[in-house]
Amino acid sequence: MGKMSIEIREEVLKWPNSFYDRGKKEGIEQGIEEGIEQGERKAKEQFARKLLQKGMGHAEISELTGLSDKEIIKLEDQNG
């Protein structure tokens, strides 16, 4: 591109770039998926906190939320 005139170079840069567009689309899709996963995780943690406040045991909370015992203990420690 070094030997092209500035006008031609600028015009070429305006052309669609399928690799860029595909990467951008995949990046957006991945970001959406990660956002959904984070939202689901947060909902599970909120539910687990409520169950802890009600005095439910770790095994039952784990069964209902899918969180590990270690994750439940961490939530319990955060709540004081």
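## Views of a predicted four-helix chain

**View 1. The exposed surface of the chain.** About 6,800 Å² of the chain is exposed. Carbon and sulfur atoms supply 54% of that area. The model is predicted. Of its 80 residues, 10% count as buried.

**View 2. The overall dimensions of the chain.** The C-alpha atoms fill a box of roughly 75 × 20 × 15 Å along the principal axes. The chain has a radius of gyration of 25 Å. A compact globule of 80 residues would have one near 12 Å.

**View 3. The helices.** The chain holds four helices and zero strands. Along the sequence, the pattern reads α-α-α-α. Take the contacts in the chain with a separation of 6 or more: 23% of them join residues 24 or more positions apart.

**View 4. The largest nonpolar core.** Seven residues make up this core: A48, L51, L52, I61, L67, I72 and L75. Two elements, α2 (18-53) and α4 (69-79), each give two or more residues to the core. The largest share comes from α2, with three residues.

**View 5. A close look at I72.** I72 is one of the residues of the largest nonpolar core. Which residues does I72 contact, leaving aside its neighbours within four places in sequence? They are L52, H58, I61, S62 and L67. Among these, L52, I61 and L67 also belong to the core.

**View 6. The charges.** The chain carries 14 positive and 17 negative charges. Find the mean position of each set: the two points lie 4 Å apart.

Key
Residues are numbered from 1 along each chain as its sequence is written. This is a predicted model: local features need pLDDT of at least 70, side-chain atom pairs count only at pLDDT 80 or more; totals for chains, interfaces and linings use all residues. Side-chain values use heavy atoms; hydrogens and water are left out. A nonpolar core is a set of buried Ala, Val, Leu, Ile, Met, Phe, Trp, Tyr and Cys residues joined through side-chain atoms within 4.5 Å. Buried means under 20% relative accessible area, exposed over 50%, partly exposed in between (1.4 Å probe, protein chains only). Contact means heavy atoms within 4.5 Å. The radius of gyration is taken over C-alpha atoms; the globule rule is 2.2 Å times the number of residues to the power 0.38. Accessible areas come from the Shrake-Rupley method with a 1.4 Å probe; for residues, only the protein chains shown count as cover. Lys and Arg count as positive and Asp and Glu as negative; His and the chain ends are not counted. The place of a charge is taken as NZ of Lys, CZ of Arg, CG of Asp or CD of Glu.
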